[in-house]
Amino acid sequence: MISKNVTIQNNVGLHARPATFFIQKANTYQSSIWVEKEDRRVNAKSLLGVLSLGITKGMTITLIADGNDEEEALAGLAELVDTNFGE
């Protein structure tokens, strides 16, 4: 199990469209992946779970992965966040 902190920089945060891109990317990996904000942890492959965190611009979240492709998963998701979800 590995984790990585990332800071959300896009203007709308992790809402609707960016969250959908995030979930789609997370679902391409075999590993179990979670998003953690403060004391809440949700499945990164669940749109409702991710949206329930209310992640806005400037917030730092922790990505956690456990599985065969955990390093690849965190690298890919961190890159998606760093490129502002392609927006």
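**Figure 1. Pairing of E2 with strand E3 in the predicted model.** In this predicted model, E2 and strand E3, which covers residues 40–43, run antiparallel to each other and are joined over four bridges. Within this pair, the residue of E3 that stands opposite Val35 is Val42. The two strands make up a hairpin in which two residues lie between them, and Glu38 in the turn has a positive phi of about 55°. Glu38, which is a residue other than glycine, belongs to the loop between E2 and E3, and with a relative accessible area of 70% its place is exposed.

**Figure 2. The salt bridge between Arg41 and Glu36.** The side chains of Arg41 and Glu36 meet in a salt bridge, with a distance of 3.0 Å from N to O. A search of the whole structure finds one salt bridge. Side chains of opposite charge can pair when their charged atoms come close. Arg41 is partly exposed, with a relative accessible area of 45%, and Glu36 is likewise partly exposed, with a value of 23%. Along E2, Glu36 points to the face shared by Ser32 and Trp34, whose side chains are not buried.

**Figure 3. The two faces of E2 and the pairing with E4.** In a regular strand the side chains alternate between the two faces of the sheet. E2 shows this alternation, in that Ile33, Val35 and Lys37 point to one face and are buried, while Ser32, Trp34 and Glu36 point to the other face and are not buried. E2 also pairs with E4, in the antiparallel sense and over five bridges. Here the bridge partner of Val35 in E4 is Leu63, so that Val35, by virtue of its place opposite Val42 in E3, can be followed across both pairings in this view.**Figure 4. The largest nonpolar core and its best-connected members.** The largest nonpolar core holds 25 residues, of which Phe22, Ile33, Val35 and Leu63 touch the most other members. Two or more residues are given to this core by each of helix H1 (16–26), strand E2 (32–37), strand E4 (60–66) and helix H3 (70–82). H3 supplies the largest share, with six residues. When residues up to four places away in sequence are not counted, Leu63 touches Ile2, Ser3, Lys4, Val6, Phe22, Trp34, Val35, Leu74, Leu77 and Ala78.

**Figure 5. The buried face of H1.** Pro18, Ala19, Phe22, Ile23 and Ala26 are the buried residues of H1. Seen down the axis of H1, these residues fall within an arc of 135°, and they therefore line one face of the helix. An α-helix has 3.6 residues a turn, so residues three or four places apart point the same way. On the other side of H1, Ala16 and Arg17 are exposed. The cover over the buried residues of H1 includes E2, helix H2 (47–52), E4 and H3.

**Figure 6. H3 and the elements against which it packs.** H3 consists of 13 residues and spans 18 Å from its first C-alpha to its last, which is close to the 18 Å expected at 1.5 Å a residue. Its buried residues are Glu70, Ala73, Leu74, Gly76, Leu77, Ala78, Leu80 and Val81, and the buried residues of H3 pack against strand E1 (2–7), H1, E2 and E4.

**Figure 7. The surroundings of Ala78 in H3.** Ala78 is located in helix H3 and is buried, with a relative accessible area of 3%. Leaving aside neighbours within four places in sequence, Ala78 is in contact with Lys4, Val6 and Leu63. Ala78 and Phe22 are separated by 56 residues in sequence, and their C-alpha atoms are 9.8 Å apart in space.

**Figure 8. Asn84, after the end of H3.** The segment after H3 contains Asn84, a residue other than glycine with a positive phi, near 55°. Asn84 is partly exposed, with a relative accessible area of 25%.

Definitions and conventions
Residues numbered from 1 in each chain as written. Predicted model: local features only at pLDDT ≥ 70, side-chain atom pairs only at ≥ 80, totals over all residues. Heavy atoms only, no water. Core = buried A, V, L, I, M, F, W, Y, C linked by side-chain atoms within 4.5 Å. Buried < 20%, exposed > 50% of the residue type's maximum accessible area, 1.4 Å probe, protein only. Contact = heavy atoms within 4.5 Å. Pairing = 2+ DSSP bridges. Salt bridge = Lys/Arg side-chain N within 4 Å of Asp/Glu carboxyl O. Arc of directions from axis to C-beta. Expected span 1.5 Å × (residues − 1).
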